[in-house]
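Here's a quick walk through the strands of this model and how they pair up. Have the coordinates open as you read.

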Amino acid sequence: MAYAVTAVKNSRKYKVDIDLLRKLCLVPTDVLWELLGVTEHPRMYFEDRGSNILCVAHVDCYGLPHSFRYVKRPDKPSIIMSPQLDDRLGVYTVLHALYHLGMDILLTDDEEAALSTAACFTPPRRYNWVVEFDRRGHDAVTYQYYVPELREYFDIGAGTYSDIVDMEHLGVACFNVGIGFHKEHTAECYMNHKEWSRQMEAFEQFFDDYKDVALEFEEKCRCQLISSSLLEMWMEEIGETPTCPYCGLEMNVSG
Ligand SMILES: [Zn+2]
Ligand SMILES: [Zn+2]
């Protein structure tokens, strides 16, 4: 039986459906692929909804025993703890929380081995841009892509790897949005609901503003992809915007 994909029907938008997230975190990876109807390697799940935007998350998990705890804390917001929030919270985000936006959906495998099956994905059309939801905290990262349009919506950080690093062949801008999990790859991995909700709202705003805008993949000198905190530190030290010794341009924050 195929996995039933439905938008969460909450009266309040962007509230986590805890039972659904629990199921997604506890299901073993092989079983989830079966539920998604995916039996062949390289494993990926694609849902073509006729959209010009593609969203991405990964199904595989870092190798820790599956667990899920909803922790109530006196005088503090409750938290969800699960090592599988990376990236089952991303899977939940694309299959449920943001389903109403109508984006095409790609779920991948082997991201944790830094060999994402996204490299084998053949797009049915040219997308305007690609968004991934596989990131701690509340910034956004762009890796080798250059997406200055994001700066108004998210803090821009620096990242090392996720599926979209292997999606250059799509020829468009890709970026990865933080979904409020923390301490991933440890048994203490948890999520901050408020952070997640805020990121959903910020993303929906970006989506409304840019869904019809084609953001091309432009190859930039690495100096244009520096994290804002690093650039600020350098600017404080030398009192001006540093110039790149390779390309001669003023350095710029990533995004
Ligand atoms: Zn991940
Ligand atoms: Zn990971």
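What follows covers two sheets, one enclosed strand and one loop residue.

This is a predicted model, so to speak: local features need pLDDT of at least 70, side-chain atom pairs count only at pLDDT 80 or more, and totals for chains, interfaces and linings use all residues. Residues are numbered from 1 along each chain as its sequence is written, and chains are lettered from A and ligands numbered from 1 in the order in which they are written.

**The seven-strand sheet**

Seven strands make an open sheet with mixed pairing, in the order 1-5-2-6-9-7-8. The edges belong to strand 1 (45-47) and strand 8 (155-156); each has a single partner strand, so one side of each lacks a neighbour in the sheet. Strands here are DSSP runs of E with at least two residues, and helices are runs of H or I with at least four, both numbered from the N terminus. Pairing takes at least two DSSP bridges between two strands.

Here are three of the pairings, each with one residue pair:

| Strands | Sense and bridges | Residue pair |
|---|---|---|
| Strand 1 and strand 5 | antiparallel, three bridges | Tyr 45 opposite Leu 107 |
| Strand 2 and strand 5 | parallel, five bridges | Cys 55 with Ile 105 |
| Strand 6 and strand 9 | parallel, three bridges | Val 131 with Phe 175 |

How many residues of strand 5 are buried? Five of the five, so strand 5 is largely enclosed by the rest of the structure. Buried is 20 or more other C-beta atoms within 10 Å of the residue's own, exposed is 12 or fewer, and partly exposed is in between, with C-beta atoms placed from the backbone. One side of strand 5 has Asp 104, Leu 106 and Thr 108, while Ile 105 and Leu 107 are on the other.

Helix 3 (residues 85-97) lies across strand 2 (53-58) and strand 5 (104-108), at about 150 degrees to strand 2. That angle is between N-to-C directions, on a scale from 0 to 180 degrees, using lines fitted to C-alpha atoms, for helices over the stretch in contact; contact is C-beta atoms, placed from the backbone, within 7 Å.

**The four-strand sheet**

Another open sheet has four strands, ordered 3-4-11-10 with antiparallel pairing. Strand 3 (69-73) and strand 10 (181-182) are at its edges, each with a single partner strand, so one side of each has no neighbour in the sheet. Strand 4 (residues 76-81) joins strand 11 (residues 190-191) through two antiparallel bridges, and Met 81 stands opposite Tyr 190.

**A loop residue**

Leu 150 is in the loop between strand 7 (139-141) and strand 8. Leu 150 is buried, with 25 other C-beta atoms within 10 Å. From Leu 150 to Tyr 210 is 60 residues in sequence and 9.9 Å in space, C-alpha to C-alpha.

Notes
Contact = placed C-beta atoms within 7 Å.
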